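Student: I have a new chain open in my viewer, and I would like to talk it through with you. Could we go step by step?

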Amino acid sequence: AQKKGANGTVILSFTVGNNGDISNIKILKSIGNGCDEEAVKAIKKMPKWIPGEINNEPIAVSCQMNIHFYPDKETKSKMARQKSNSMDMQITKPAY
């Protein structure tokens, strides 16, 4: 992806199960050039998450994460000044 000068944001959704495992990874916005595959690989390598909770019981939740790709260090530095993270995440809803 870096060799091809990939630039942009891959948006993924996934489920964090009630045991903390990640599953159901889906690409919501693709930028190609191998970035989608690298983003999925990064999600799959994550350790278990802390699951959601309702009434002190663990529940599965749906999440969405943006992973940003920059073609070079200069662009990365410029974007870092505009954003504090290279990944943005939000919990979207319980996954019933």
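Tutor: Happily! Let us begin with a definition: accessible areas here come from the Shrake-Rupley method with a 1.4 Å probe. Keep in mind that this is a predicted model.

Student: With that in hand, what share of the accessible surface of the chain belongs to carbon and sulfur atoms?

Tutor: The accessible surface of the chain comes to about 6500 Å². The part that belongs to carbon and sulfur atoms is 48%.

Student: And what percentage of the residues count as buried?

Tutor: Buried means under 20% relative accessible area. The chain has 96 residues, and the share that counts as buried is 29%.

Student: What pattern does the chain follow when read along the sequence?

Tutor: The chain contains two helices and six strands. Among the contacts with a separation of 6 or more, 64% are between residues 24 or more positions apart. Read along the sequence, the order of the elements is β-β-α-β-β-β-α-β.

Student: Let us turn to strand S1. Why does S1 count as largely enclosed by the rest of the structure?

Tutor: S1 spans residues 8–16. The reason it counts as largely enclosed is its number of buried residues: eight of the nine.

Student: Which residue in S5 is the bridge partner of Val-10?

Tutor: S1 and strand S5, residues 61–69, pair in the antiparallel sense over nine bridges. In this pairing Thr-9 stands opposite His-68. For Val-10, the bridge partner in S5 is Ile-67.

Student: How many of the residues of S5 are buried?

Tutor: S5 is largely enclosed by the rest of the structure. That follows because the buried residues of S5 number eight of the nine.

Student: S1 also joins S2. Which residue in S2 does Thr-15 stand opposite?

Tutor: S1 and strand S2, residues 22–29, run antiparallel and are joined by five bridges. Within S2, the residue opposite Thr-15 is Ser-23.

Student: Which residue takes a positive phi in the hairpin of S1 and S2?

Tutor: The hairpin has five residues between the strands. The positive phi there is near 95 degrees, and the residue that takes it is Gly-20.

Student: Is Ser-13 buried or exposed?

Tutor: Ser-13 lies in strand S1 and stands opposite Lys-26 in S2. Leaving aside neighbours within four places in sequence, its contacts include Asn-24, Ile-25, Leu-28, Cys-63 and Gln-64. Its relative accessible area is 18%, under the 20% cut-off, so Ser-13 is buried.

Student: Now the nonpolar side. Which element gives the most to the largest nonpolar core?

Tutor: The largest nonpolar core has 15 residues, and those with the most contacts inside it include Val-10, Leu-12, Ala-39, Ile-43 and Phe-69. The elements that give two or more residues to this core are S1, H1 and S5. The element that gives the most, with five residues, is S5.

Student: What kind of aromatic pair do Phe-14 and Trp-49 form?

Tutor: A search of the whole structure finds one aromatic pair. Phe-14 and Trp-49 have a centre to centre distance of 5.3 Å and 75 degrees between the planes. Planes over 60 degrees apart count as edge-to-face, so this pair is edge-to-face.

Student: How far apart in sequence are the parts that this pair ties together?

Tutor: Phe-14, with a relative accessible area of 2%, is buried and lies in strand S1. Trp-49 lies in the loop between helix H1 (35–44) and strand S3 (52–54). The pair therefore ties together parts whose separation in sequence is 35 residues.

Student: How many disulfides does the structure hold?

Tutor: Cys-35 counts as buried at 0% relative accessibility, and Cys-63 is buried with a relative accessible area of 2%. A disulfide needs a pair of cysteine sulfur atoms within 2.5 Å. The number of disulfides in the structure is zero.

Student: One last item: what distance separates the C-alpha atoms of Ile-59 and Asn-19?

Tutor: Ile-59 lies in strand S4, residues 57–59, and counts as buried at 15% relative accessibility. Ile-59 and Asn-19 are 40 residues apart along the chain. Their C-alpha atoms are separated by 8.1 Å.

Note on methods: Residues numbered from 1 in each chain as written. Predicted model: local features only at pLDDT ≥ 70, side-chain atom pairs only at ≥ 80, totals over all residues. Heavy atoms only, no water. Buried < 20%, exposed > 50% of the residue type's maximum accessible area, 1.4 Å probe, protein only. Phe/Tyr/Trp six-rings, centres within 6.5 Å; stacked < 30°, edge-to-face > 60°. Helix = DSSP H or I, 4+ residues; strand = E, 2+ residues; numbered from the N terminus. Contact = heavy atoms within 4.5 Å. Pairing = 2+ DSSP bridges. Core = buried A, V, L, I, M, F, W, Y, C linked by side-chain atoms within 4.5 Å.
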